[in-house]
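Q: Please take a close look at the surroundings of the ligand in this model. Then follow the chain outward to the other parts that can be described in detail.

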Amino acid sequence: MAVEEQHYDFTVIGAGPGGYVAAIRAAQLGFQTACIEKEPALGGTCLNVGCIPSKALLDSTELFYQIKHKAAAHGIAVQGLTVDIQALQRRKQSIVHRLTRGIEYLFRKHGVTWLRGTARLVAPDRIEVTDADGGRSMVTSRHICIATGSAPVPFPGVPFDEERVLSSTGALALAQVPDHLIVIGGGAIGLELGSVWLRLGARVTILELMPTILPGMDGEIAQQAEQVFRHQGFDIRTGVQVSAIERHAEGVRVFLQGGDRLEGDYVLVAIGRRPYTEGLGAAELGIRFDARGGISVDAQYRTGVGQISAIGDVIGGNMLAHKAMEEGVAVAELAAGKRGMVNYDAVATVVYTSPEIASVGRSEEELRREGYELRVGKFPFSAAGRARTLEETDGLVKVLADARTGRLLGVHILGPHASDLIAEAALAMEFQASAEDLAVSVHAHPTLPEALKEAALAALGRALHL
Ligand code: FAD
């Protein structure tokens, strides 16, 4: 039987934030564009089992936590407070549904064709697409962009069963509050999902191999965050190595090197994500991979095979949705002969705990290792009027500037709404601003961003409210 064949100018494999944005931008630039996605909903990890559902649960549980523990400080007494986990999960799912349908709408609006099925590269300009019923079709395309994302890394020898041994996907979908959730990995995903269930009453133990949680973040910020999280009730154990996980009918047993043993009803394995290229046929075409299994690309996201490029989590680097989206825009613009690029120095990272943690640029440790002489300015939220009115005084803003030129090299925030505050710092970094530029900008009063201005003033040795 003849296999149906279609032709496009620009075909994207994967409809996560990297892929769907690349497809929309390519269509805007006049390419006949298709996006192949194997899952029944568009949006990839981010919309379906990542950023959006995790933030939905974090926002619901933070509201619960605020009412339970913080309302009294405002003189508000609440009695009979309960949580309906099923309702909370339904709300999460309805947000995911609405947003993934939103991508379908955007595809229709911009004229992107969604090809439902699993893609396999069979030649530098040909992709075989297999749909859910096993039906096959062939796509030929002038440009191909791989945006197949990433998958969670299991603990060695212990596959995820999503019943007791959970990846982030399972931890997002629990139907009841665990008695004891053991989290392996003190990074963003472990801390965010740990926070969700801690706020609802679970005992949560975080096991981290490195000497502090959030390895890679500015050390001072990570240390202060750890203190705040311990105070919230997290049992955080750093510098510990898990040697084995055992599953039994009612729960899990986690063994630590040195002989300790923990009993929990679930273990969340949050030790990282790895690029996903299963069944893609990339290696067979001669596409090269780096040591961590990511697709190797040059500065213009080219794989070196035909006109095949790759973006997002599958090329490694910081696995972030906004990084993937910017690469999606860049790759489409490069294909159109424009100047597409991403300024990685100005890509912010956020951990949506409470308080939030956000950073852009390099940490103090990295900069000192690189030999920079620094001006360091810090401003605690306890000295910020608006943080006081919010009753959110934990944390600080830390500004790192080149002592010679004044140029901003890093901004790190632990505090309320850090995810929003970091946008100003990212913009400043994009404009190659100096600490002075931040310090002399007029900030409305009373607002949280004033803490950023004050930290910049502190870097210049002239903080006003310290
Ligand atoms: P993905 O989103 O993984 O999308 C890849 C798509 O490709 C998938 O839909 C997949 O089905 C499809 N695909 C794969 N192979 C094929 C094939 N052969 N054929 C057809 N389709 C295929 N990032 C943030 O920036 N902020 C956050 O708050 C945040 N929170 C997160 C929370 C969790 C719990 C997790 C797990 C991740 C979070 N991330 C967050 C990371 C973010 O989700 C990823 O960085 C982002 O989704 C990567 O986008 P991508 O387009 O590269 O890949």
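A: Helix H2 gives the shell around the ligand its largest share, four residues. The model is a predicted one. The shell counts 39 residues, and Gly18, Glu37, Thr45, Lys55 and Ala321 come nearest to the ligand. By class, 17 shell residues are nonpolar, 16 are polar and six are charged.

Three backbone contacts stand out for description. A polar backbone atom of glycine 18 lies 2.9 Å from an oxygen atom of the ligand. For alanine 321, a polar backbone atom is 2.8 Å from a ligand oxygen. For leucine 320, the distance from a polar backbone atom to a ligand oxygen is 3.2 Å. On its own the ligand has 1,000 Å² of accessible area, and the protein covers 95% of that. Several elements give two or more residues to the shell: helix H1 (17-28), strand S2 (33-37), helix H2 (44-49), helix H3 (51-70), strand S4 (118-123) and helix H8 (321-335).

H1 deserves its own check. Its twelve residues should span 16 Å at 1.5 Å a residue, and the end C-alpha atoms are 16 Å apart, so expectation and model agree. Eleven of the twelve residues of H1 are buried, so the rest of the structure largely encloses this helix. The buried set runs Pro17, Gly18, Gly19, Tyr20, Val21, Ala22, Ala23, Ile24, Arg25, Ala26 and Ala27. Gly18 thus appears twice: it is buried in H1, and its backbone has a polar atom 2.9 Å from a ligand oxygen.

Next, helix H6, residues 188-199. The same arithmetic applies: twelve residues at 1.5 Å each should span 16 Å, and the end C-alpha atoms of H6 are 16 Å apart, which agrees. H6 is mostly covered, with ten of its twelve residues buried. Those are Gly190, Leu191, Glu192, Leu193, Gly194, Ser195, Val196, Trp197, Leu198 and Arg199. After H6 comes glycine 201, with a positive phi near 115°.

Now a loop. Threonine 303 sits between strand S16 (273-275) and strand S17 (308-310). Its relative accessibility is 2%, so threonine 303 counts as buried, the cut-off being under 20%. The side chain of threonine 303 makes two contacts with backbone atoms. A polar side-chain atom of threonine 303 lies 3.2 Å from the backbone nitrogen of valine 305. The side chain of threonine 303 also reaches the backbone oxygen of isoleucine 308, at 2.7 Å.

Last, strand S22, residues 408-415. Eight of its eight residues are buried, so to speak of S22 as mostly covered is fair. S22 has two antiparallel partners to describe. With strand S19 (residues 356-361), S22 pairs over six bridges in the antiparallel sense. There, valine 360 stands opposite valine 411 of S22. With strand S21 (residues 396-402), S22 also pairs in the antiparallel sense over six bridges. There, lysine 398 stands opposite histidine 412 of S22. S21 and S22 form a hairpin with five residues between the strands, and glycine 406 takes a positive phi near 85° in it.

Terms used: Residues are numbered from 1 along each chain as its sequence is written. This is a predicted model: local features need pLDDT of at least 70, side-chain atom pairs count only at pLDDT 80 or more; totals for chains, interfaces and linings use all residues. Side-chain values use heavy atoms; hydrogens and water are left out. A residue is near a molecule or strand if one of its heavy atoms lies within 4 Å of it. A polar contact is a pair of N or O atoms within 3.5 Å; within protein, one must be able to donate a hydrogen and the other to accept it, and residues adjacent in sequence count only if both atoms are side-chain atoms. Accessible areas come from the Shrake-Rupley method with a 1.4 Å probe; for residues, only the protein chains shown count as cover. Ala, Val, Leu, Ile, Met, Phe, Trp, Tyr, Cys and Pro count as nonpolar, Asp, Glu, Lys and Arg as charged, and the others, Gly among them, as polar. Buried means under 20% relative accessible area, exposed over 50%, partly exposed in between (1.4 Å probe, protein chains only). Two strands pair if DSSP finds at least two bridges between them. The expected span of a helix is 1.5 Å times one less than its number of residues.
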